[in-house]
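Student: I am new to this structure and would like to learn how its features are read. Could we take them one at a time, starting with the way helices pack?

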Amino acid sequence: MSMSSPVHARKALHLVAMKAKLQSFLGLRLLVVAALAAFLLLFSARTLFSSSSSPGSAASSHLHLSGDGSCSKLPAPVADALVHYATSNSTPQQTAAEIGVSLRVLQRRSPCNFLVFGLGLDSPMWAALNHGGRTVFLEEDASWIASVRAKHPGLESYHVVYDTRLTEADDLIALRDHPGCTAQPDLAAAAEASCRLALRGLPAAFHEVEWDLVMVDAPTGWVPEAPGRMGAIYTAGMVARARRPGDGATDVFVHDVDRTVEDRFSKAFLCEAYLAEQVGRIRHFVIPSHREKPGTPFCPLS
């Protein structure tokens, strides 16, 4: 063996690691583009079916994509997302398997009302996959909102302020047993009862619709001075519980459950009994409405 063998070995290991990272990056990008392409195919098929089933279409000798004879345009959110992910080096923060959890629900429920805590690299994807519905992003960093809006002006995003700190998590988890937080019919009542976890000062858009899906992937929560996701998780649960009974259950997703706060607070305030699935670092809860059901326990027995 020559003296350079250890160097060669390290180089070989480095190349293997780089190749694995590249494959992971390309795989995730391929998933995003493939999902958007699948949506495009479904959109085209629906448009074609609508056209072919319109009155008088059977007698026509020409096939059109729309009833007025014009070609249907690619939806703007889908076009924006396809171009964005095909031409940039940025990929969503979630893994392909984690994205798949939400994707399966969106395929079943979209177009719907989708509330997302956080504005990130995956935002164009979520908006595109919910084309025809309403996707709203709540973000803590005003400067980041301005930066994203410059690139994706079609995204609906709002600035929110959190008054908690990650260092308060141990005290706030105790509110699981406080009636001011767990015996209230909705978020407004919880805020009136001085529940520290109830988010305040939310934009008007938050109150305008019943949310079908809620994704908690923000605010920041990896340094002590960060707000942490305690309030966002609690608020997502209250949104689901206050939903009109006839509108069905609410699908709530929490990312980064490998971290202590996301793990403990999602179990405590979204309830382990409502946990439908966990893949990697994401949990999917299906929470039924508690409205018009007085006496319903905040969390049923698992």
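Tutor: Helices (H or I, at least four residues) and strands (E, at least two) are DSSP runs numbered from the N terminus, while axes are lines fitted to C-alpha atoms, for helices over the stretch in contact, with angles running from 0 to 180 degrees between N-to-C directions. This is a predicted model, in which local features need pLDDT of at least 70 and side-chain atom pairs count only at pLDDT 80 or more, whereas totals for chains, interfaces and linings use all residues. Residues are numbered from 1 along each chain as its sequence is written, and side-chain values use heavy atoms, with hydrogens and water left out.

Student: At what angle do H10 and helix H11 pack, and how far apart are their axes?

Tutor: Two packed helices are described by the angle between their axes and the distance between the axes. Here H10 (230-241) and H11 (residues 260-271) pack at about 20 degrees, with axes 9 Å apart. Angles under 35 degrees count as roughly parallel, over 145 as roughly antiparallel, 65 to 115 as roughly perpendicular and the rest as oblique, and H10 and H11 are therefore roughly parallel to each other.

Student: Which residues of H10 and H11 make the contact?

Tutor: Contact means heavy atoms within 4.5 Å; on the H10 side it is made by Met230, Ile233, Tyr234, Ala236, Gly237 and Arg241, and on the H11 side by Val261, Glu262, Phe265, Ser266, Phe269, Leu270 and Cys271. For the classes, Ala, Val, Leu, Ile, Met, Phe, Trp, Tyr, Cys and Pro count as nonpolar, Asp, Glu, Lys and Arg as charged, and the others, Gly among them, as polar, which gives nine nonpolar, two polar and two charged residues in this contact. Cys271, found in helix H11, has a phi near 80 degrees, a positive value in a residue other than glycine.

Student: How is empty space found, and what is the volume of the largest pocket?

Tutor: Rolling a probe the size of a water molecule over the atoms shows where empty space is left. On a 1 Å grid over the protein atoms alone, a cavity is a set of points where a 1.4 Å probe fits but cannot get out, and a pocket is an open set with protein on both sides within 12 Å along at least five of seven lines; lining residues have an atom within 4 Å of a point. Grid points are joined across faces, edges and corners, and a volume is the space filled by probe spheres set on the points. The largest pocket has a volume of about 610 Å³, and of its 31 lining residues Pro185, Asp186, Leu187, Met238 and Ala242 lie nearest its centre. Helices H8 (187-192), H9 (204-208) and H10 each supply at least two residues of that lining, which by class has 15 nonpolar, six polar and ten charged residues.

Student: Which residues line the largest cavity?

Tutor: The count comes to one cavity of 30 Å³ or more, and its lining is formed by Tyr162, Asp163, Thr164, Arg196, Leu197, Leu199 and Gly231.

Student: Where is Pro219 placed?

Tutor: Pro219 is in the loop between strand E4 (213-216) and H10, and a cis peptide bond, with omega about 5 degrees, joins Ala218 to Pro219.
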